[in-house]
Amino acid sequence: MHVIVATDGSQQSLDAARHLRSFADPARITDVTVLAVVRPLAAVAFADDLTPADRTRAEGESSSFRAAAESAVRVVAAELDGWGPTVRTSIRSGSPAHEITRAASALGAGLVVVAAGGRGLSRTVLLGSTAQRVQHSAPCPVLVVRPVPRPRAPRP
């Protein structure tokens with residue numbers, strides 16, 4: 001079975017990968033693709049109206065988002081390295097939920113793992129509703145890993 005682990009660079013995404021590793025049988029998983037999605041400059045409203053200086057700055061920011069996505073997939077891939085399945089990384093550009101489901105279809109994934117409530121690169125890589133959108137449109141089961149609740153402080 002091929003598993004896709006989506007990451008947005010957040011601790012929750014890393015925890016989701018760790019959760020998969022904690023219960024899944026690596027003998028039944030052939031491949032894992034760690035995937036991040038970066039929104040392209042074309043998705044920026046009024047991108048055509050940017051001045052040349054603003055366009056240069058925006059393109060620089062776009063490359064820094066890609067570098068952050070590359071770092072995020074490396075961290076998650078390192079967490080899964082040596083577990084058993086072959087681990088690959090992928091960075092796509094576009095709408096996060098759409099690209100995750102497209103990757104699941106293209107790779108014949110048997111499971112997609114996403115974190116709920118990611119905070120890392122959430123404005124540029126995964127949005128808060130991404131997990132919900134993936135759940136409704138993926139061609140395979142989706143494991144949504146919720147963050148572990150923080151212990152409440154005792155009341156006085």
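At what angle do the axes of helix α3 and helix α4 cross, and within what distance do they come? Keep that in mind while we take in the whole chain; the model on your screen is a predicted one.

**Start with the whole protein.** Colour by secondary structure and you will find four helices and five strands. Following the sequence, they alternate in the pattern β-α-β-α-β-α-β-α-β. Of the 156 residues, 40% count as buried. Among contacts with a separation of 6 or more, 85% join residues 24 or more positions apart.

**Now select α3 and α4.** Choose residues 96-107 for α3 and 130-137 for α4: their axes cross at roughly 40° and come within 9 Å. The crossing of α3 past α4 is right-handed. To see the contact itself, show Pro96, Ala97, Ile100 and Thr101 on α3, then Thr130, Arg133, Val134 and Ser137 on α4. Sorted by class, this contact has four nonpolar, three polar and one charged residues.

**Pause at Arg133.** This residue lies in helix α4. Is Arg133 buried, partly exposed or exposed? Its relative accessibility is 44%, so Arg133 counts as partly exposed. Try a distance label between the C-alpha atoms of Arg133 and Ile100: they are 9.8 Å apart, with their positions 33 residues apart along the chain.

**Next, look into the largest nonpolar core.** In soluble globular proteins, nonpolar side chains tend to be buried together. Here the largest nonpolar core has 23 residues, and those touching the most other members are Val3, Val5, Leu20, Val32, Leu80 and Val113. At least two core residues come from each of β1 (2-6), α1 (11-23), β2 (31-38), α2 (52-80) and β4 (111-115). The element giving the most is α2, with five residues.

**Zoom in on Val3.** Setting aside neighbours within four places in sequence, Val3 is in contact with Leu20, Ile29, Asp31, Val32, Thr33, Leu111 and Val113. Apart from the core you have just visited there is another, made of 16 residues; among them are Ala6, Val114, Ala131 and Cys140.

**Finish at α1.** Show the side chains of Gln12, Ser13, Leu14, Ala16, Ala17 and Leu20, the buried residues of this helix. How far apart are the end C-alpha atoms of α1? They are 19 Å apart, which agrees with the 18 Å that 13 residues should span at 1.5 Å a residue.

How values were computed
Residues are numbered from 1 along each chain as its sequence is written. This is a predicted model: local features need pLDDT of at least 70, side-chain atom pairs count only at pLDDT 80 or more; totals for chains, interfaces and linings use all residues. Side-chain values use heavy atoms; hydrogens and water are left out. Axes are lines fitted to C-alpha atoms, for helices over the stretch in contact, and angles run from 0 to 180 degrees between N-to-C directions. A crossing is left-handed if the near helix is turned anticlockwise from the far one by less than a right angle, and right-handed if clockwise. Contact means heavy atoms within 4.5 Å. Ala, Val, Leu, Ile, Met, Phe, Trp, Tyr, Cys and Pro count as nonpolar, Asp, Glu, Lys and Arg as charged, and the others, Gly among them, as polar. A nonpolar core is a set of buried Ala, Val, Leu, Ile, Met, Phe, Trp, Tyr and Cys residues joined through side-chain atoms within 4.5 Å. Buried means under 20% relative accessible area, exposed over 50%, partly exposed in between (1.4 Å probe, protein chains only). The expected span of a helix is 1.5 Å times one less than its number of residues.
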